[in-house]
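Please look through the structure below with its cysteines in mind. The paragraphs after it take these up in turn and then move to two further positions.

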Amino acid sequence: MSLKPSLKYTVATDAARTEQLLTLKGKLMGSPECYEMLDETRERTQDGLPIIILDMTAVDMINSAGAGILAAMVTSARRQEGKVCLVGLNDRCRQVLEFMHLHEFTCIRDTLDEARAD
């Protein structure tokens, strides 16, 4: 019996090759898929895509391991003079990030247009 991945994600880059947009669906909870996403994001960041926008509209839950993955993305982006912006957080996910003070190191916006305007 195979287990269903707790997180699915897709990646798109912009034409100017400065931004990576990740669209997430499921739970950001430190599963193997979450760490795979982190590794791939770090590689793209080092390859010159320092702006990370995470569309989290379809993320149901974040735990401390998931918040740690987001913190690692922030660190990678900042090393390349970039940033991480989270879009479409539900109230539950927002509360977790605020509790862990991660909202102080990321931008949080309601829409992709707002995130890209920063």
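**Cysteines and two contrasting positions**

The structure, which is a predicted model, holds 1 disulfide. Its partners are Cys85 and Cys107, whose sulfur atoms sit 2.1 Å apart, and a pair of cysteine sulfurs is counted as a disulfide when the two atoms are within 2.5 Å. The bridge joins two strands: Cys85 belongs to E4 (residues 83–87) and Cys107 to E5 (residues 107–109), so the bond ties together parts that are 22 residues apart in sequence.

What is the handedness of this disulfide? The torsion about the S-S bond of Cys85 and Cys107 is about -135 degrees, so the disulfide is left-handed. As for solvent, both Cys85 and Cys107 are buried.

Cys34 and Cys93 call for a separate account. Why does Cys34 not bond to Cys93? The closest cysteine sulfur to that of Cys34 is the one in Cys93, and because the separation is 12 Å, it is too far for a bond. Seen from the other side, Cys93 is in no disulfide, and its nearest cysteine sulfur is that of Cys34, 12 Å away. Cys34 is buried, with a relative accessible area of 0%. Cys93 has a relative accessible area of 2% and is buried as well. The cut-off behind these labels is a relative accessible area under 20% for buried, and over 50% for exposed.

Cys93 also appears among the contacts of Val59. Val59 is placed in strand E3, which covers residues 51–62. Is Val59 buried or exposed? Its relative accessible area is 1%, so Val59 is buried. Leaving aside residues up to four places away in sequence, Val59 touches Leu24, Gly26, Leu28, Asn90 and Cys93. One of these contacts, Leu24, is 35 residues from Val59 along the chain, yet the C-alpha atoms of Val59 and Leu24 are separated by 6.3 Å.

Glu81 can be set beside Val59. Where does Glu81 lie? Glu81 is found in the loop between helix H2 (64–79) and E4, and E4 is the strand that holds Cys85. With a relative accessibility of 76%, Glu81 counts as exposed, whereas Val59 is buried at 1%. The C-alpha atoms of Glu81 and Ala16 are separated by 16 Å, and these two residues are 65 apart along the chain.

Conventions:
Residues are numbered from 1 along each chain as its sequence is written. This is a predicted model: local features need pLDDT of at least 70, side-chain atom pairs count only at pLDDT 80 or more; totals for chains, interfaces and linings use all residues. Side-chain values use heavy atoms; hydrogens and water are left out. Helices (H or I, at least four residues) and strands (E, at least two) are DSSP runs, numbered from the N terminus. Buried means under 20% relative accessible area, exposed over 50%, partly exposed in between (1.4 Å probe, protein chains only). Contact means heavy atoms within 4.5 Å.
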